[in-house]
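What follows is a reading of one protein chain for someone who meets it here for the first time. Please keep the sequence and the structure in view while going through the text.

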Amino acid sequence: MPSSNSLPTHHLDPFHKERHRTSTNAIFGYNNLPVQHQIQGFELYSSEGMIPDYGPAKSTFYRVGITLKGTIHMQLGLEHFDIAPLSLTFSIPGQVHCKSNASPDIFGYYILFSPTFLEGLLNHLNMSAEFPFYDYCGSQLLQCNEQEINEIVSFIEKIDGELQSDNTGKVTAIKMYLYLLLLTAKRSYERQLPLNNVSPTTHMVTQFHKLVSQHFLQFRQVSDYARMLNVTPNHLNRVVKNTTNRTASDAIQEMLVQEAKVLLQNTALSISEISYQLDFSEPAAFNHFFRKLTGGTPLGYRSMS
């Protein structure tokens, strides 16, 4: 099976900004920030200048999005979210994600940071244990109250102030403000846990979707995920079909076609090379699979991207 580490991902480098932003004169965060003020492994932006439709893509960094006004649709793995005001979204390194349908009045902020950025405050290996929204098993959409959002925005403003300055210890200060922002989000997450109780079948489907999002490159059979969930393949198929009106195999194939789109958009690999990298027996099989799920050919998709 192909390794997820061999697949294209976006990095926090000078070229990444062009993929998710348009030119704007706004002075906030990293937008038009002088090079000498920039910090390795960390970026902050407002939604002004944000490209509204983005992905599917993968990245090597964590993301936290803060939506204050308007709405936007986001897909993280197999989960689809309609993002409303006063909400936070989180994405994990290596996770396939995309966004679309931003309303004209959309406004908020987003932070990008490398897995090791918080070293000294938090070991990067403990990120998912410390912050459940950065775990594939956790919820990556969080609806906050006004007090929590105001506190988070205050940390955003403090971070921006540090970015624009030459203050002593600015990097340490930004790390601490980011940690406090994530801690505020964690407390909101924990406050809402009693409200997040769902039926056993809904919980199983959610866990199945999260497992597929995490392991689809290594495991392609429904039986693999049934084993992880300690149920039979027939039971898993029945629950997924009854809840989503789609089969468990459909979910696995959806993630695979999302990965194919990432490769087609972001690499110069030939169609044949992509088909073999995704473990298809031959290019014709990959073409047939892609056409079946998207209605078009891989080459046609690449030419429109």
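## A guided reading of the model

Asn32 has a relative accessible area of 41%, which means that Asn32 is partly exposed. The model in which this residue is seen is a predicted one. Asn32 belongs to the loop between helix 1 (17-20) and strand 1, and although Asn32 is not a glycine, its phi is positive, at about 60°. A positive phi also occurs at Asp279, again a residue other than glycine, where the value is near 70°. Asp279 sits in the loop between helix 9 (271-277) and helix 10 (283-294), and it counts as partly exposed because its relative accessibility is 41%. Another backbone feature is the cis peptide bond from Gly55 to Pro56, whose omega is near 5°; Pro56 is part of strand 2 (residues 54-57).

### The strands

In general, the strands of a sheet pair through backbone hydrogen bonds, in either a parallel or an antiparallel way. In this model, five strands make up an open sheet with the order 1-8-3-6-9, and their pairing is antiparallel. Strand 1 (42-46) and strand 9 (141-143) are the edge strands, each of them pairing on one side only, and from one strand to the next the twist averages 15°. Within this sheet, strand 3 (residues 62-69) and strand 6 (residues 87-91) run antiparallel and are joined by five bridges, and Thr67 has Ser87 of strand 6 opposite to it.

Strand 7 (residues 97-100) has pairings of its own. Two bridges connect it to strand 2, the two strands running antiparallel, and Ala57 has His97 in strand 7 as its bridge partner. Strand 4 (residues 72-76) also pairs with strand 7 in the antiparallel sense, over four bridges, and here Leu76 is the residue that stands opposite His97.

### Helices on the sheet and on each other

Helix 3 (residues 146-163) lies across strand 1, strand 3, strand 6 and strand 8 (107-113), and its direction makes about 115° with strand 1. Helix 4 (residues 170-191) packs on the sheet as well, where it touches strand 1, strand 3, strand 6, strand 8 and strand 9, and it runs at about 75° to strand 9.

How are these two helices set against each other? Helix 3 and helix 4 pack at an angle of about 170°, and their axes are 9 Å apart. Helix 3 is therefore roughly antiparallel to helix 4. Among the residues that make the contact are Ile152, Phe155 and Ile159 of helix 3, together with Ile174, Tyr177 and Leu181 of helix 4. Sorted by character, the residues of the contact between helix 3 and helix 4 are eleven nonpolar, two polar and six charged.

A further helix pair is formed by helix 5 (residues 200-215) and helix 7 (residues 233-244), whose axes come within 10 Å and cross at roughly 105°. Helix 5 is therefore roughly perpendicular to helix 7. From helix 5, Thr201, Met204, Val205, Phe208 and His209 take part, and they meet His235, Leu236, Val239, Val240, Thr243 and Thr244 of helix 7. The contact of helix 5 with helix 7 has six nonpolar, five polar and no charged residues.

### Aromatic pairs

A pair of aromatic rings is described by the distance of the centres and the angle of the planes. The count for this model comes to 20 aromatic pairs, and two of them are set out below.

| Pair | Centre to centre | Angle between planes | Arrangement |
|---|---|---|---|
| Phe28 and Tyr109 | 5.1 Å | 35° | tilted |
| Phe90 and Phe133 | 3.9 Å | 20° | stacked |

The pair of Phe28 and Tyr109 links distant parts of the chain, since Phe28 is in the loop between helix 1 and strand 1 while Tyr109 is in strand 8, 81 residues apart. Are Phe28 and Tyr109 buried or exposed? Both of these residues, Phe28 and Tyr109, are buried. The pair of Phe90 and Phe133 likewise links distant parts of the chain, with Phe90 in strand 6 and Phe133 in the loop between helix 2 (127-130) and strand 9, 43 residues apart. Phe90 and Phe133 are buried. Finally, Phe90 and Phe133 belong to one aromatic cluster, which also includes Tyr62, Phe113, Phe131, Tyr134, Tyr179 and Tyr189.

Technical notes
Residues numbered from 1 in each chain as written. Predicted model: local features only at pLDDT ≥ 70, side-chain atom pairs only at ≥ 80, totals over all residues. Heavy atoms only, no water. Pairing = 2+ DSSP bridges. Axes fitted to C-alpha atoms, helices over the stretch in contact; angles between N-to-C directions. Contact = heavy atoms within 4.5 Å. Parallel < 35°, antiparallel > 145°, perpendicular 65-115°, else oblique. Nonpolar A, V, L, I, M, F, W, Y, C, P; charged D, E, K, R; others polar. Buried < 20%, exposed > 50% of the residue type's maximum accessible area, 1.4 Å probe, protein only. Phe/Tyr/Trp six-rings, centres within 6.5 Å; stacked < 30°, edge-to-face > 60°.
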